[in-house]
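This report examines selected helices, strands and residues, one group at a time. The sequence and structure are shown first.

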Protein chains: 2
Amino acid sequence: MATFSCPAVSFSFRCSYGSSSNGNHGDYRVNINVNGNASTRPFKQHALVNEIALQSPASLANIQFLENGHISEEKIRQRIPTKKQLVDPYRQGLIVERGVGYRQTVVVRSYEVGVDKTASLESLFNLFQETALNHVWMSGLLSNGFGATHGMMRNNLIWVVSRMHVEVDHYPIWGEVIEIDTWVGASGKNGMRRDWIIRSQATGITYARATSTWVMMNVQTRRLSKMPDEVRGEISPWFIEKQAIKEAVPEKIVKLDDKAKYVNSGLKPKRSDLDMNHHVNNVKYVNWMLETIPDKFLECNKLSSIILEYRRECGGSDLVQSLCQPDEDEILFTNGVVQQNLLKNNVLGMDTMTYGYTHLLQTKGGTKNEEIVRGRTRWKPKI
Amino acid sequence: MATFSCPAVSFSFRCSYGSSSNGNHGDYRVNINVNGNASTRPFKQHALVNEIALQSPASLANIQFLENGHISEEKIRQRIPTKKQLVDPYRQGLIVERGVGYRQTVVVRSYEVGVDKTASLESLFNLFQETALNHVWMSGLLSNGFGATHGMMRNNLIWVVSRMHVEVDHYPIWGEVIEIDTWVGASGKNGMRRDWIIRSQATGITYARATSTWVMMNVQTRRLSKMPDEVRGEISPWFIEKQAIKEAVPEKIVKLDDKAKYVNSGLKPKRSDLDMNHHVNNVKYVNWMLETIPDKFLECNKLSSIILEYRRECGGSDLVQSLCQPDEDEILFTNGVVQQNLLKNNVLGMDTMTYGYTHLLQTKGGTKNEEIVRGRTRWKPKI
C-alpha cells in the first residue's frame, strides 16, 4: 500500500510562482502553497485525523476528508473544499457575477485541435463539462460524485443532461488563451439550466455560447427524480437569470426512421467511453453523430450550431445506431468547390450560408429500438 | 472577415489574479497582463506592423508575427514567442533544470479519467505531447508546426517519434494536481531523446516516468532525414544527460504474425484521429492496442509499463489491424478473483505481480501488410 506525505493544502493565491524558476523543486512547492505548511513528513493512508490536524490545522480546515474518523487518501489527493472558494490558482478559475458565476482561463491544448489547428467540437464539450464541475468544486457543494452535491449524494441522485444547445461563431485555435464563463439558473420546478460563454481572453470577442438543461436521476432505480428541497436549498442561491442563448420557442427536432439517408450501425461503446457515472458520456454521442456525416461535407464545412435532446442513457453494453438526414439541396453542400462558388455569387439568393442535418442515435435492440438522443446541426462553409 | 483588437501580449507573471474576482471583466484582463497595454482598440486582421508597434512596443517585441510585412491573425492568437521565456502563467509552466528543462503544473480534468476516476493512459500520453510542445514554445524555437523549430521549417522537416517507453507507478486521479517535468538529450547522431517525470504536486511522489526517441522526417518525401547542422545548433544547447528511465539494454519486441491470440481487424482512422501533421497521432495507436486486450483482463488489471517501437506512419486512409499475444499463464490473469487470491497468497511463488502482452499494429494492404508499431505492455492487478 502506498503511503502519502501530508500536503500543505491551500486554496489561496500563490504569488511567487515566477521567482521559483530555479529548478529547486522543494522551494517551488513551498512557494506555491504560501499559506500552507509544506512539510513532507509521510503518514499512512488512513492516518487518524488528529495526526493531520497537528500538521496544518488552518489550511486543512476547509477540506472534507473525514470518513469514520479517518482520512481518505482520495479526498486528500482531490482537495475538494467544503466551503465556497473565490479563486482556484491551479485551475485558473475564479468566482464572478456577484459571487455566483465561474470563470476559467484555459489554453487550447495540442491534442484538442484537429488537422486545421482549431479546437474540435468534442474539445468544446469537454471544456463545458470541466468548467461546470469546477464551478461546483468552487461552490463547496461538490461531493465525490460527478458534479453531485452533498444533498444529492444523500438522496442517491446524479445529474443527467436533458438538452444542450451550442452555437459556435469562431473556433479557438491551438495555443490560444480563452476564457470560459459558466453559471446556473432555474429550469421549471425540478430542473437546472447551465449556460456557458467562451471568449477570446485577449480581445473579449465571443467565440461560442451554450445552454443546457439538467435533471436528477436516482442512481439505483435509474429513474428521473423530483428535486428534493434539501438540494434546492443548496443550489438555488447560485441561480441567476442571465441566458447565453435566448430561445423564444426551442426548435422541435423530428424523429428520424430507417429511411434516413445516412445510417451507421453497430456502434459499440468502448470502456474508455464510459464516465465516472458508468454510462456513456454525452460527449461521445456528439462524435457518433458527426461521424455519420460524409467526410466530403465535413472537409468543407464547419459546425455553427448543435441542439441535442437526450432521451435515454446509453450503457456500456448497448449496441448503437447513428442516423442522419441532410436538409434539401444537399448536393450543393457536399461538393466544396461548387458550393463555395455558388455561395460567393449567391446564385440561389439564399439569405444565410448555413446548412442543416437532423440526427438520431438509438439502441439497436432485438425487439425494438430505443431513442438515446435526437440532434440538429447547422453548418457554415469553411472560408 | 472578423476583426481582432490588439491584445496586450505579455508573458510576465500576473500577480493580481486573486484580487480580480469582482466580476468586472475589463479589470480582470488588465490585471492579468500586468506589463501589457490592455487597450482594446480594434485593428484589421492584416494591419501593418507599424500600427501594432505603436500600441505596445515593449510587450510585442518577442512575438513572431511578421508575414510579408503583415500580421498573421493566427500568430497573434497563438502568441508564440521568438525568444526564450522563463514563465508561462497561462499554461502554469516554467523553465527549470538550470534553464533547459520545463515544468508544468496540471490539474487532472474530469474527461481525462475513466470509470475508476484515474487518468487514462491516453491522457498521460496527451499530457506528454502537450508539455513537450510547451517546452519548445518556451524555448523561443517553436515555428508554427507541430513542435518543429524554425530551422526545421526552413528544411521542410517534422518530428516523428521512433520509440516510447512509459512506466506508471500510480495513476493520478480526477482533480489531482500534478507536476510534469520534461527535458531533452542527444540520441545518436541524428536523433533526440525526450524524457518526462510526472509527480504529485502535493507530495513530490513520482507517479510516472517516460522516455522517447525522435527523428526528423521530410514533410514532402516522407523519408527520414539527417539532422541539419542548423537544427542541431538550435536544439543542442537544450540537451542534458539526465534519464527518466535507465535502460541498460532496451527490450527487444518480437514481431507477431497471424497466429496471435487476439486480432482486431478493420480499424479505420477517423478524421478526429489525425493531428496537425495530417497523420494518425501516436496516442491513437495506444488505444487501438489496448482495445484488443479482453475487457475481462482490463477490468482487473492496470498497465504498469508500455514500450512502443514505431516503424511507419499511418495515414488517414489506411486500414489497420491490431494483434496481441498474452504471455503464458494467461488464465491466471484473466479471472480477477482467482488471480487476486493467488497473488495475495503468492501461491505460485512469483517474484513480481506483473503480466505481459506483446502487440502489433499493421496496415492491412491488398498484397502485403506493413508494420506501423510494435508494442510490449506489462500489467499489475488492481488493488
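Which residue takes a positive phi just after α5(A)? The residue is G140(A), with a phi of about 80°. The model discussed here is predicted.

## Helix α5 of chain A

Helix α5 of chain A comprises residues 121-139. At 1.5 Å a residue, its 19 residues should span 27 Å, and the end C-alpha atoms are 27 Å apart, so the expected and computed values agree. The helix is mostly covered, with 18 of its 19 residues buried.

An unreviewed UniProt entry lists residues 101-234 of chain A as "domain: Acyl-ACP thioesterase N-terminal hotdog". Over residues 101-234, chain A is 22% helix and 41% strand. The C-alpha atoms at the two ends of this range are 15 Å apart.

## G145 of chain A

G145(A) is found in the loop between α5 and α6 (150-154) of chain A. Its relative accessible area is 14%, under the 20% limit, and G145(A) is therefore classed as buried. Not counting residues up to four places away in sequence, G145(A) touches M153(A) and, in chain B, W174(B).

G145(A) and Y355(A) are 210 residues apart along the chain, and a distance of 39 Å separates their C-alpha atoms.

## T292 and the cysteines of chain A

T292(A) occupies the loop between α8 (282-290) and α9 (295-300) of chain A. Is T292(A) buried or exposed? With 9% relative accessibility, T292(A) counts as buried. Its side chain makes a polar contact of 2.6 Å with the side chain of S322(A). Leaving aside neighbours within four places in sequence, T292(A) is also in contact with Y262(A), V263(A), N264(A) and C324(A).

C324(A), a contact of T292(A), is itself buried, at 0% relative accessibility. Why does the sulfur of C324(A) form no bond with the closest cysteine sulfur? That sulfur belongs to C300(A) and lies 15 Å away, which is too far for a bond. Conversely, the cysteine sulfur closest to that of C300(A) is in C324(A). C300(A) is buried as well, with a relative accessible area of 12%. Over all chains, the structure holds zero disulfides.

## Strand β8 of chain B and its partners

Strand β8 of chain B spans residues 157-168. Because 10 of its 12 residues are buried, the strand is largely enclosed by the rest of the structure. β8(B) pairs in the antiparallel sense with β11(B) over 11 bridges; here R163(B) stands opposite T213(B).

β8(B) also pairs with strand β14 (residues 301-310) of chain B, in the antiparallel sense and over five bridges. In this pairing, V166(B) stands opposite I306(B). In a regular strand, side chains alternate between the two faces of the sheet.

## N218 of chain B

N218(B) belongs to strand β11 of chain B, which covers residues 206-218. A relative accessible area of 19% places N218(B) among buried residues, because the class requires a value under 20%.

What does the side chain of N218(B) reach at 2.7 Å? Its partner is the backbone nitrogen of Q220(B). Not counting residues up to four places away in sequence, N218(B) touches N155(B), N156(B), L157(B) and R223(B). Of these, L157(B) falls within β8(B), residues 157-168, the strand that pairs with β11(B).

Note on methods:
Residues numbered from 1 in each chain as written. Chains lettered and ligands numbered in written order. Predicted model: local features only at pLDDT ≥ 70, side-chain atom pairs only at ≥ 80, totals over all residues. Heavy atoms only, no water. Helix = DSSP H or I, 4+ residues; strand = E, 2+ residues; numbered from the N terminus. Buried < 20%, exposed > 50% of the residue type's maximum accessible area, 1.4 Å probe, protein only. Polar contact = N/O pair within 3.5 Å; in protein donor to acceptor, adjacent residues only side chain to side chain. Contact = heavy atoms within 4.5 Å. Pairing = 2+ DSSP bridges. Expected span 1.5 Å × (residues − 1). UniProt positions renumbered as here; feature names shortened; annotations may be inferred. Disulfide = S-S within 2.5 Å.
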